[in-house]
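Biologist: Hello! Could we look at this model together and talk through what its labels mean?

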Amino acid sequence: MTTKLDTRRAAGLDPLSFRKALGQFPTGVTIVTAQSADRRLGMTANSFASVSLDPPLVLWCPAKAAPSHDAFVAAEGFAIHFLGADHQDLALRFASRTAEKFADIPHETGISGAPLLTELAPIFECRTWARYDGGDHTILVGEVIRLVERVHDPLLFHSGVMRRIEGPRRTPAAASSGFVRNYLPYLLARASVIVSGEFHATLGTWNLSVPEWRVLACLTDADGLSVGELAAMALMKQPRLTKVLDRMEAEGLVERRGTAADRRRTPIHLTAKGRKLVKPVLRAAQAHEADLLRRFSDDERATIKYALDLLIDERSEKP
């Protein structure tokens, strides 16, 4: 028996639930490159799909919110690189907003005009065949004009986490009375790695690195922090934070207000562009937190946060 689609229910679909459901479908991970008029473009994407064998067509979908979206759409060609299981660091680099994505990576210009990462394969060099509107993404269809073949163990993306095809490694179970199950620093460290890693793997959706996300989140709560205050709050050393802020200021996400003579005392503020970018990321982070704590009661959730707050405040007051 067939039933008529309830369009009202579809129109009211919760975006975060939709994203989570889509995340249950494992995909490969790719890096897409192209050449614009003035720079090389590179982006990590898992939206690759085959379209046709005759002619040979494939597609991928850059997000309209991505800084390089317009340049990718305008490009006459692009190259899609499949990533292997040992390329997670490369995937994270091309998912970030850094302007130095190609630094120290061997590459050459392909016949499509796009830069080819010569140590990766398979590679599909494509001539842009069609462009379609796809909601908050653009669908780019490419005609494959050259193929570099290779068989490898692929890098997969599933439930917000990059992993090998055999699945994540499992930590051996420890006795409930053992040291590691009762030693607080170990428990805190392990919880942080697991919990933060799950969400950090999704930041590529907004073309954000982990340091950039921390800066945006901290300034949302306390706009106007000095570099020293922001470094402590964002869990970064000041020299590294300064480089992150330089990059974010160049992209119009933050601004420094003060004298250039003493940058450590200069207050850092979010721009309108930065506030707009961080809003959906904050919603996704809150949804991730709600999913993590769904098995706990309201009292248990409050106790977890209260106890951690007390611990942080108590240790922060130590000289």
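Biologist: Why is glutamate 212 called buried or exposed?

Modeller: Buried means under 20% relative accessible area, exposed means over 50%, and partly exposed lies in between (1.4 Å probe, protein chains only). Glutamate 212 has a relative accessible area of 0%, so glutamate 212 is buried. Keep in mind that this is a predicted model, where local features need pLDDT of at least 70, side-chain atom pairs count only at pLDDT 80 or more, and totals for chains, interfaces and linings use all residues. Residues are numbered from 1 along each chain as its sequence is written, and side-chain values use heavy atoms, leaving out hydrogens and water.

Biologist: What makes glutamate 212 and arginine 247 a salt bridge?

Modeller: A salt bridge is a side-chain nitrogen of Lys or Arg within 4 Å of a carboxyl oxygen of Asp or Glu. For glutamate 212 and arginine 247, the N to O distance is 3.3 Å, so the pair fits that rule. The two residues are 35 apart in the chain, with glutamate 212 in helix 6 and arginine 247 in helix 8. Helices here are DSSP runs (H or I, at least four residues), numbered from the N terminus.

Biologist: Which label does arginine 247 get?

Modeller: Its relative accessible area is 23%, so arginine 247 is partly exposed.

Biologist: And why is arginine 256 counted as buried or exposed?

Modeller: Arginine 256 has 18% relative accessibility, so arginine 256 counts as buried. Its salt-bridge partner is aspartate 246, with the closest N and O atoms 2.9 Å apart.

Biologist: How many salt bridges does this rule give?

Modeller: The count comes to eleven.
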